Amino acid sequence: MKLHKLLFLLILTVSCKEHEKVPVIDNSNTEIVELYFKGLKINNVKSIPLTSDVVFEGPLLNESIIGESQVRQFLGAIALSFKDAELKLESIVSEKNNSCLIFNVGFPKDSLIIPVIDHIKFRNDSISYIRPYFDPRGYLEMNKEEN
């Protein structure tokens, strides 16, 4: 599926707030995405299926993190930083080897909610690429005040 079509489906899904269940468009890789989200939510990143050459890119990184053990270690640090957060799954949009996971990370103590979209790619029933999109300013400000 072309990226512009995936983004259109993503916008369409996010704009439909009248649903009670999390909408899923195309069930391809949905179970893997749910494992990924659950792993972050309950700090169990060992259960997330990753390829040996998985790549993680993010807005707060200077360079990509490459390799299963390095990415798993980084995901563990992210999950640990979410220990006082509330993660709420909004939707999953999947097509063949691409998915977008849409969720909110709420930090009630700081009255902060960060909307996140993770672009995830797959190969052989495992995650081969993860790229979160979010505005990091609130998170950085929150952490600056704690230090």
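A salt bridge is defined here as a side-chain nitrogen of Lys or Arg within 4 Å of a carboxyl oxygen of Asp or Glu. Under this criterion Glu90 and Lys88 are joined by a salt bridge, with an N to O distance of 3.5 Å. The model is a predicted one, in which local features need pLDDT of at least 70 and side-chain atom pairs count only at pLDDT 80 or more, while totals for chains, interfaces and linings use all residues. Residues are numbered from 1 along each chain as its sequence is written, and side-chain values use heavy atoms, with hydrogens and water left out.

The overall architecture comes next. The chain contains 4 helices and 7 strands, where helices (H or I, at least four residues) and strands (E, at least two) are DSSP runs numbered from the N terminus. Along the sequence these elements follow the order α-β-α-β-β-α-β-β-β-β-α. The chain has 147 residues, and 43% of them count as buried. Accessibility is computed with a 1.4 Å probe on protein chains only: buried means under 20% relative accessible area, exposed means over 50%, and partly exposed lies in between.

The salt bridges can now be placed on this framework; the structure holds 4 of them. In the pair already introduced, Glu90 is buried, with a relative accessible area of 13%, whereas Lys88 is exposed at 51%. Another salt bridge joins Arg123 to Asp53, whose closest N and O atoms are 2.3 Å apart. Because Arg123 belongs to strand β6 and Asp53 to strand β2 (residues 50-56), this pair ties together parts that are 70 residues apart in sequence. Both partners fall in the intermediate class of accessibility: Arg123 is partly exposed at 36%, and Asp53 is partly exposed at 39%.

Helix α3 carries a salt bridge between Glu68 and Arg72, with an N to O distance of 2.8 Å. The two residues both lie in that helix, 4 residues apart, or about one turn. Glu68 is partly exposed, at 31% relative accessibility, while Arg72 is buried at 16%. Helix α3 also contains Val71, which is buried with a relative accessible area of 0%. The C-alpha atoms of Val71 and Val54 are separated by 7.2 Å, although the two residues are 17 apart along the chain.

Aromatic rings provide further contacts. A pair of such rings is described by the distance of the centres and the angle of the planes. Rings of Phe, Tyr and Trp (its six-membered ring) pair if their centres lie within 6.5 Å; planes under 30 degrees apart count as stacked, over 60 as edge-to-face and the rest as tilted. The structure holds 2 aromatic pairs. One of them, formed by Phe37 and Phe103, is edge-to-face, at 5.4 Å centre to centre and with 70 degrees between the planes. Phe37 is part of helix α2 (residues 30-42) and Phe103 of strand β5 (residues 98-107), so the pair ties together parts that are 66 residues apart in sequence. Both Phe37 and Phe103 are buried.

Charged groups also sit over rings, a relation that requires NZ of Lys or CZ of Arg within 6 Å of the ring centre and within 35 degrees of the ring normal. Lys121 lies over the face of Tyr129, at 5.0 Å from the ring centre. Arg131 has the corresponding position over Tyr133, at 4.3 Å from the ring centre.

The lining of the largest pocket draws on several of these elements: α2, α3 (68-81), β5 and β6 (112-123) each supply at least two residues. On a 1 Å grid over the protein atoms alone, a pocket is an open set of points with protein on both sides within 12 Å along at least five of seven lines, and lining residues have an atom within 4 Å of a point. The largest share of the lining, 4 residues, comes from α3. In total 21 residues line the pocket, with Leu60, Ile78, Phe82, Pro132 and Phe134 nearest its centre.

Two loop residues complete the picture. Most residues other than glycine have a negative phi. Asn43, however, has a positive phi of about 60 degrees without being a glycine; Asn43 occupies the loop between α2 and β2 and is partly exposed at 40% relative accessibility. Ser111 likewise has a positive phi, near 50 degrees, and is located in the loop between β5 and β6. At 70% relative accessibility, Ser111 counts as exposed.

Note on methods: 1 Å grid on protein atoms, 1.4 Å probe; cavity = no way out; pocket = protein on both sides within 12 Å on 5 of 7 lines; lining within 4 Å.
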